[in-house]
Amino acid sequence: MKEKEFPPFYKALKSFARKKNTLWSTPGHASGHGLKDSPAGRDFYEFFGHNLFLADVSSSVGELGSILEHQGPPAEAEKRAAEAFGADITFFVLNGTSTANKIVFFATVSPGDLVLVGRNCHKSIMHAIIMNEAVPIYLTPKACSYGLIGPVDFNQFMPASIRAKISSSKLASNKKAAKVQLTVLTNSTYDGLIYHADKVKATLAPSARFLLFDEAWYAYGAFHPFYEHRYAMSPSSKRRLPVFASQSTHKLLLAFSQGSMLHFRQGNEKLDEQGLVEANLMHASTSPFYPLFASLDVNTQIMKDSGYELLNKALHTALRFRRAVSRAHKRYHRSGEWWFQVWQPSKKLELDPADWQLKPGDRWTGMDIKPEDDYILDPLKVTLLTPGVEPDASMTNFGVPACVVSKYLQARGVVPEKTGFYNLLFLFAPGVSTERTAELLRILHDFKWEYTDNAPLSKWFPKIYEEHPEIYGNIGLADLCRKMHVQLKKYDIMRRCATLYTHLPEQAVAPHKAYYGLSDGKTEYVRLQDAPGRVSVLMILPYPPGVPVIMPGERFPAADSPIMKFLHLNETWDNLFPGFETEFHGIKKTWEDGKVVYWVCVLNKTKKGKAA
Ligand SMILES: *Cc1c(COP(=O)(O)O)cnc(C)c1O
């Protein structure tokens with residue numbers, strides 16, 4: 001590429017770095033010179049290379065404009081990104097989509113405002129709710145027999161449904177309100193389900209003032225016709241609702257970690273741009289990392305020049321992988337052997353969105369799809385199902401829990417994005433090559449052979465084998481899978497997951513009030529079995545399935561409720577299979593007499609002895 005065609009900020013930064021500058025400004029390493037006089041510093045400098053240090057300059061360099069004030073080359077870079085991604089305004093956010101989401105809240109939401117958020121939102125949304133003292137009303141994701149996280153039913157976007165939710169909210173001060181201030185949806189969901197964004201926008205228009213699609217995993221919708229109408233900045237819908245999209249350019253595109261873009265399209269109701277500028281300033285460091293900003297500028301150029309080709313290649317690589325796994329499944333199935341299945345429609349799949357649509361009555365989805373629902377599965381997010389679960393959430397006699405497969409893969413240097421009870425998620429980002437795909441297939445086959453041989457656990461999981469010889473001493477890989485599956489079947493775990501979100505816990509206080517309990521010293525830890533009736537201070541989020549079961553300010557339900565039973569099951573599971581513990585946010589684990597005990601943080605009881 002010719003230098004004069006470089007994207008604007010990258011070009012300016014590179015040209016500045018190449019000059020012989022003497023910097024009397026921050027950063028103190030002064031183009032790396034400061035690092036050269038100590039052994040650790042020298043190694044650090046050499047490892048990253050001198051260009052990085054030449055490009056790590058202070059915001060006082062005039063010719064590079066101003067990132068914070070959106071002037072000069074940074075402003076040009078953001079303007080080009082807005083054009084490429086279909087936005088009116090784009091800001092580059094250097095602290096990830098976590099921060100982009102908070103910026104949207106600070107620009108649109110005031111204390112006491114109602115916000116409508118998917119229960120499957122990222123935790124940064126709850127952080128923003130707390131920081132803005134907003135009152136959340138939840139949209140519930142569809143239950144899925146395979147323990148995946150469904151999208152929100154389309155009928156929950158209808159004005160009548162939203163009015164009903166507002167009027168039954170314990171915390172809403174105006175129960176007759178017809179509108180919420182902001183609605184937040186995760187598009188695509190973690191498992192790759194994509195909304196028909198244009199339909200959602202039109203349906204929500206009477207009931208929300210602003211809409212945010214959290215597209216952390218889906219920054220590429222604008223660049224391939226496969227995704228037409230199905231991304232936030234899609235130009236094809238009428239401009240009614242003002243819409244934001246927050247995208248982690250670093251997640252499935254090619255920026256440095258933390259590089260995100262925040263896009264905005266105006267609607268009928270105008271947002272004062274200055275509000276967005278101020279909200280951004282409130283969250284940005286005054287010392288932006290220029291190479292990170294440059295990586296976002298370069299990503300715009302990459303997507304302008306070759307976005308379609310990159311995506312098309314990734315889509316075809318994913319398709320080939322999906323077909324290869326399915327073919328192997330057919331072969332094994334014929335000889336009565338088990339193999340992984342891909343979570344996808346069972347017909348021959350081409351790159352036609354109609355092939356990837358979830359339709360009512362489709363058994364493969366494991367979900368109750370309604371005629372008005374309109375989602376497609378993104379071919380780039382590949383979920384493999386391990387044996388053990390039927391499409392109706394009942395459990396078969398034979399099963400291979402995914403946590404064992406996942407641990408094996410990691411022992412072989414392969415890291416899946418997410419591991420459920422009987423599923424594993426692999427992301428086919430543009431960087432995935434055919435060679436890497438072939439390697440993954442080979443290692444999955446290796447797992448099957450090791451399973452068939454009942455390989456000793458010492459071979460693949462030496463650490464947990466050594467730490468718990470009493471549990472793992474004399475068993476092999478297949479034995480372990482069997483033992484775990486028997487236990488999960490006894491728990492009826494998939495039905496339990498499917499009912500986790502059907503009854504949301506009572507909202508006792510707004511999330512920020514629960515949070516302020518921490519700074520006011522009004523909280524305590526109690527054991528899980530003593531939690532029913534108490535108000536949670538923290539979000540309780542188990543992985544899997546990866547959706548919060550309790551939000552801050554919500555009351556722990558009765559001991560026999562699906563949520564409490566699920567939490568207890570995990571406590572027993574941790575004790576049965578150390579090394580394969582469920583990961584949690586919001587639960588403190590301690591060890592007593594060699595046993596794991598769960599603790600949760602709750603608000604103190606009030607004087608009357610009532611919880612909060
Ligand atoms: C990862 C993620 C975020 C946060 O993005 P970062 O860029 O890591 O800060 C927000 N929302 C969703 C849905 C995510 O998956």
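Pro27 sits in the loop between helix H1 (8-18) and helix H2 (39-48); helices here are DSSP runs of H or I with at least four residues, strands are runs of E with at least two, and both are numbered from the N terminus. A cis peptide bond joins Thr26 to Pro27, with omega about -10 degrees.

Before going on, a word on the model: it is predicted, so local features need pLDDT of at least 70 and side-chain atom pairs count only at pLDDT 80 or more, while totals for chains, interfaces and linings use all residues. Residues are numbered from 1 along each chain as its sequence is written, and side-chain values use heavy atoms, with hydrogens and water left out.

Two other backbone spots deserve a look. Asn187 and Ser188 are also linked by a cis peptide bond, with omega about 0 degrees, and Ser188 belongs to the loop between strand S4 (180-186) and strand S5 (193-195). Glu133 has a positive phi near 55 degrees and lies in the loop between helix H6 (123-132) and strand S3 (135-139). For context, most residues other than glycine have a negative phi, and most peptide bonds are trans.

Now to the ligand. It is surrounded by 14 residues, the closest being Ser98, Asp214, Trp217, His250 and Lys251; a residue counts if one of its heavy atoms lies within 4 Å. Some polar contacts (pairs of N or O atoms within 3.5 Å; within protein, one must be able to donate a hydrogen and the other to accept it, and residues adjacent in sequence count only if both atoms are side-chain atoms) are listed here.

| Ligand atom | Protein partner | Distance |
|---|---|---|
| oxygen | Thr97, polar backbone atom | 2.8 Å |
| nitrogen | Asp214, side-chain N or O atom | 2.6 Å |
| oxygen | Trp217, side-chain N or O atom | 2.4 Å |

Finally, the domains. An automatic or database assignment gives domain 1 (3-62), domain 2 (65-301), domain 3 (306-492) and domain 4 (499-603). Contact between domain 3 and domain 4 takes 17 residues from domain 3 and 10 residues from domain 4, with contact meaning heavy atoms within 4.5 Å. The area buried between domain 3 and domain 4 (accessible area, 1.4 Å probe, lost on putting two parts together, summed over both) is about 1,300 Å², and carbon and sulfur atoms give 78% of it. In domain 3, Phe421, Met484 and Tyr491 lose the most area to domain 4, together 40% of what that side buries. Four residue pairs are in polar contact across this interface of domain 3 and domain 4, both residues at pLDDT 80 or more.
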